[in-house]
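Dear colleague,

I am handing over the structure we spoke about, with its sequence, and would be glad if you could read my notes beside it.

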Amino acid sequence: MKEMINVALPKGRLGEKVYAMFEKAGYECPSIKETNRKLIFENEDAGVRYFWVKPSDVAIYVERGAADIGVAGKDILLEYSPEVYELLDLNIGKCRMAVAAKKNFSDNTATTLRVATKFVSIAKDYYAKKGRDIDIIKLNGSIELAPILGLSDVIVDIVETGKTLIENGLEPKENIVPISARLIANKSSFKFKTQQIEDIKDKLKAQVKTDD
Ligand code: PRP
């Protein structure tokens, strides 16, 4: 019997796009579209089992081998540096990590910069490279509120369309890094299921749209 490949998919809009790519690659699992509360789906004939996982948890499942492969945002990979192989840039889920602040903000380098973010490590690295002294305020969501309420001077956060910033009177000030979804693999799964994982990678790669 064929060994199953366990795939952690990021729950949400990105995950649906990712599943569509796997389906097109020949790893379909029709039952996945029938219900929206169930979290595990499998198709034994195709040799694949999918889990819907919170996007920020995908790398944990893969790193610890609960999933053989998965799709995670580059933001999560940069922030947590999980011990996984990054196999492919799927070129979807594209956005950027940026510094944003109120429109009239100007940095006073004589003071410590207060930075609100979910991405503590990315923010620390970025400002360390610039030699800028900062105070990190770790938040878990709605980061845009921080500068508005005077909790922070700037935020380090994901910007996709820029709408959230505009609607809250903020604007991007500096780009840190472009972000997109990546196919990742557990290191020992990759060793023992090399052929199957390479097959999936190649079939997904054939669908990756390049920007031009
Ligand atoms: C992210 C990010 C911004 C928003 C940016 O939030 O934190 O709030 O998307 O998107 P936009 O530029 O298209 O407006 P997410 O939806 O991931 O939720 P969060 O509040 O948990 O961070």
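What follows is a description of the chain, its two sheets, its pockets and one residue.

Please bear in mind that this is a predicted model, in which local features need pLDDT of at least 70 and side-chain atom pairs count only at pLDDT 80 or more, whereas totals for chains, interfaces and linings use all residues. Residues are numbered from 1 along each chain as its sequence is written, and side-chain values use heavy atoms, with hydrogens and water left out.

The secondary structure of the chain comes to 8 helices and 11 strands, where helices (H or I, at least four residues) and strands (E, at least two) are DSSP runs numbered from the N terminus. The C-alpha trace spans about 65 × 35 × 35 Å along its principal axes, and 45% of the 212 residues count as buried (under 20% relative accessible area, with exposed meaning over 50% and partly exposed lying in between, for a 1.4 Å probe and protein chains only). Of the contacts (heavy atoms within 4.5 Å) between residues at least 6 apart in sequence, 68% join residues at least 24 apart.

One open sheet has 6 strands in the order 2-3-1-4-11-5 with mixed pairing, two strands being paired if DSSP finds at least two bridges between them. Strand 2 (40-43) and strand 5 (84-89) are its edge strands, each pairing on one side only. Within this sheet, strand 1 (residues 5-10) and strand 4 run parallel and are joined by 2 bridges, and A8 stands opposite G70 in strand 4. Helix 8 (residues 194-205) lies across strand 1, strand 4, strand 5 and strand 11 (181-186), and runs at about 25° to strand 5; axes here are lines fitted to C-alpha atoms, for helices over the stretch in contact, and angles run from 0 to 180 degrees between N-to-C directions.

The other open sheet has 5 strands in the order 8-7-9-6-10, again with mixed pairing. Strand 8 (134-138) and strand 10 (170-179) stand at its edges with a single partner strand each, so one side of each is left without a neighbour in the sheet. Strand 7 (residues 113-117) pairs with strand 8 in the parallel sense over 5 bridges, with L113 opposite I134 in strand 8. Helix 4 (residues 120-130) packs on this sheet, and its direction makes about 170° with that of strand 8.

The largest pocket has a volume of about 1100 Å³. A pocket is, on a 1 Å grid over the protein atoms alone, an open set of points where a 1.4 Å probe fits, with protein on both sides within 12 Å along at least five of seven lines, and lining residues have an atom within 4 Å of a point; grid points are joined across faces, edges and corners, and a volume is the space filled by probe spheres set on the points. This pocket is lined by 41 residues, of which P55, D75, C95, K118 and I158 lie nearest its centre. Helix 1 (13-24), strand 4 (69-73), helix 3 (74-80), strand 9 and helix 6 (163-167) each supply at least two residues of the lining. The second largest pocket holds about 200 Å³ of space, and its lining includes K11, Y19, R37 and W52.

Finally, K187 lies in helix 7 (residues 187-192) and, at 31% relative accessibility, counts as partly exposed. Leaving aside neighbours within four places in sequence, K187 is in contact with E83, V84 and Y85.

With best regards
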